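Dear colleague,

I am passing on to you the structure we spoke about, and I would be glad if you could read the notes below alongside it. Please look at the coordinates first and then at the text.

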Amino acid sequence: MANKKSGKSKKELFAEYPNLYDGISKGDYDACMAFAEDYKSFLDKSKTEREFTANSIEAATALGFKDIESKKSLKAGDKVFASIKDKGLILAVIGKKPVSEGLNILGAHIDSPRLDLKPNPVFEDNETVYFKTHYYGGIKKYQWMTLPLALHGVIYTSDGVKHTVSIGEDESDPVFYITDLLPHLGGDQMNKRAGDFIPAEDLNIVVGGMPIKKKKGEDSYSEPYKAAVLKFLNDKYGIVEKDFVTGELEVVPAAKARDIGFDRAYIGGYGHDDKVCAYPALMALLEQEKPDKTCVTMLTDKEEIGSYANSGAQSVLYENFLMEIVAKCGNGSLDMLSYRKVIAASKMLSTDVTTAYDPKYASVYEKRNTAFMSHGLKLEKYTGARGKSGTNEATGDFVAEITRVFEANSIPWQTGELGKIDAGGGGTISAYMAKYGMSVIDAGVPVWSMHAPYEVISKIDLYYTYLAYKAFIENI
Ligand code: MN
Ligand code: MN
């Protein structure tokens with residue numbers, strides 16, 4: 001029970017979650033701004049899960065990380081990783097304590113909402129060539145119209161050769177585009193519900209508008225504009241129309257991450273969900289030399305569509321890596337019960353973004369239980385919808401343990417729910433890990449305009465989230 005005579009001040013009694021820019025020291029401010037610069041450049045070259053994976057492996061390899069396959073056994077200080085089908089990544093730094101004491105894990109996702117190309121995307125209509133798309137993840141479809149768009153991904157020719165595509169990022173590159181109706185003729189359109197404003201089948205990107213040049217004596221093409229685009233692609237990549245079925249081609253905004261505001265408090269960018277957590281989770285791990293406990297960072301794919309497929313968090317490939325860690329830290333063999341006990345003793349921050357309170361949309365938030373921009377990392381005990389449906393709920397003792405570590409390391413944090421109880425809901429990868437008995441809680445950066453082509457985060461939240469992830473894996 002509370003001690004009546006403790007003489008605690010109001011400041012000690014009341015929960016306060018202040019704006020972290022208010023009263024920030026020069027040192028913290030400089031470190032925060034520098035970290036933000038590094039994040040922006042990493043984000044600009046890592047718009048897709050494949051690019052994020054490749055750039056992470058490059059950064060890790062430069063620091064001595066090795067593919068776990070190349071190691072026969074593991075000892076404290078060893079740094080290893082496994083690529084998950086080139087679209088996900090799991091990395092570890094082996095700790096001084098035996099793995100039986102559990103692993104400290106950070107788990108983020110590196111896929112973001114976007115438009116994928118359909119397997120048969122190319123068509124010509126009235127002298128213009130388009131690619132048909134299929135949206136990926138939860139988007140507001142109208143937000144993707146009239147933006148400069150880039151095309152990223154891979155496509156295979158019939159000889160099995162992989163071709164990497166990235167068009168629209170370089171200033172000299174062309175971009176792609178989804179048209180909208182001029183307001184002068186938009187009377188009927190403007191009366192539609194926002195969800196019906198543009199049908200998914202109309203999210204077609206413009207990719208060309210010049211007919212093919214015929215050689216003398218050549219047959220005429222029934223679709224000369226489409227033929228010109230196919231010829232261009234064949235000259236550049238050697239692909240033919242049928243090869244699109246092999247494509248993993250993603251349409252993303254061509255814009256780069258930029259500071260927002262006169263004071264540069266915020267960063268606008270594509271894919272903050274969840275790269276704004278994946279990046280600090282990666283950086284926190286890459287800094288480890290010989291931690292007490294074995295530290296792991298998981299960068300997963302397919303979270304936006306339910307964490308399925310062989311690269312999603314539900315894939316056993318991530319677990320195979322953890323099994324390999326446990327086996328190679330021991331005598332090389334694995335006993336299933338001991339492995340399961342390691343996992344049950346493990347602790348994880350599910351490092352995914354959350355929404356930040358937006359005064360413009362105040363009605364969907366419950367102000368006492370929501371995260372605010374620039375108030376730091378948000379600890380979210382549960383997600384889910386309605387009566388906590390589909391959520392992982394962190395236990396009180398685990399929350400107490402984490403907040404103790406944060407307080408001891410001067411890490412500010414805030415807490416709350418996603419929004420008003422019946423306003424909607426969401427989920428993260430935390431539930432998939434919790435079923436193994438692992439202690440898991442969601443802890444991530446607040447975002448404005450989540451899932452929009454250009455989302456906003458606060459630099460100070462990013463910086464303290466990075467410090468929080470580091471404090472967690474080093475001290476929990
Ligand atoms: Mn997310
Ligand atoms: Mn999301």
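What follows is an account of the metal site, the salt bridges, the nonpolar cores and one residue of a late helix. Please keep in mind throughout that this is a predicted model.

I begin with the metals. The manganese ion (ligand 2) takes its protein donors from Asp273 (OD), Glu304 (OE, listed twice) and His451 (NE2), and these lie 2.0 to 2.5 Å from the ion. Along the chain, the donors of this manganese ion (ligand 2) follow the spacing D-x30-E-x146-H. Asp273 also acts as a bridge between the manganese ion (ligand 2) and the manganese ion (ligand 1), the two ions being 3.3 Å apart. Because Asp273 belongs to helix 6 (residues 272-286), while Glu304 sits in the loop between strand 13 (295-300) and helix 7 (316-329), the pair ties together parts that are 31 residues apart in sequence. Both Asp273 and Glu304 are buried.

Turning to charged pairs, a search of the whole structure gives 28 salt bridges, of which I describe a few. One of them joins Arg114 to Glu49, with 3.3 Å between the closest N and O atoms; this pair links distant parts of the chain, since Arg114 is in strand 5 (residues 114-125) and Glu49 in helix 3 (residues 49-62), 65 residues apart. Arg114 is buried, its relative accessible area being 3%, and Glu49, at 2% relative accessibility, counts as buried as well.

The salt bridge between Lys75 and Asp78, in which the closest N and O atoms are 3.2 Å apart, has partners that fall on either side of the burial cut-offs. Lys75 counts as exposed because its relative accessibility of 55% is over 50%, whereas Asp78 counts as buried because its value of 7% is under 20%.

In a further salt bridge, Glu248 meets Lys87 with the closest N and O atoms 2.9 Å apart. Glu248 lies in strand 10 (residues 248-253) and Lys87 in the loop between strand 2 (79-84) and strand 3 (88-93), so this pair ties together parts that are 161 residues apart in sequence. Glu248 is partly exposed, at 30% relative accessibility, while Lys87 is buried, with a relative accessible area of 11%. Elsewhere in the list of charged pairs, Glu37, Lys40, Asp259, Arg264 and Lys459 are joined into one network by salt bridges that share partners.

As for the nonpolar interior, the largest core comprises 60 residues, and those with the most contacts inside it are Leu91, Leu299 and Ile402. Leaving aside residues up to four places away in sequence, Ile402 touches Leu349, Leu379, Ile441, Phe472 and Ile476. Another core, of 31 residues, lies apart from this one and includes Leu117, Met145, Ile155 and Val207.

Finally, I looked at Glu474, which is found in helix 11 (residues 459-475). Glu474 is partly exposed, with a relative accessible area of 32%, and its side chain is joined to that of Gln288 by a polar contact of 2.9 Å. The C-alpha atoms of Glu474 and Ser350 are separated by 16 Å, although the two residues are 124 residues apart along the chain.

With best regards

Note on methods: Residues numbered from 1 in each chain as written. Chains lettered and ligands numbered in written order. Predicted model: local features only at pLDDT ≥ 70, side-chain atom pairs only at ≥ 80, totals over all residues. Heavy atoms only, no water. Core = buried A, V, L, I, M, F, W, Y, C linked by side-chain atoms within 4.5 Å. Buried < 20%, exposed > 50% of the residue type's maximum accessible area, 1.4 Å probe, protein only. Contact = heavy atoms within 4.5 Å. Helix = DSSP H or I, 4+ residues; strand = E, 2+ residues; numbered from the N terminus. Polar contact = N/O pair within 3.5 Å; in protein donor to acceptor, adjacent residues only side chain to side chain. Donors = N, O, S within 2.8 Å, 3.2 Å for Na, K, Ca; no water. Salt bridge = Lys/Arg side-chain N within 4 Å of Asp/Glu carboxyl O.
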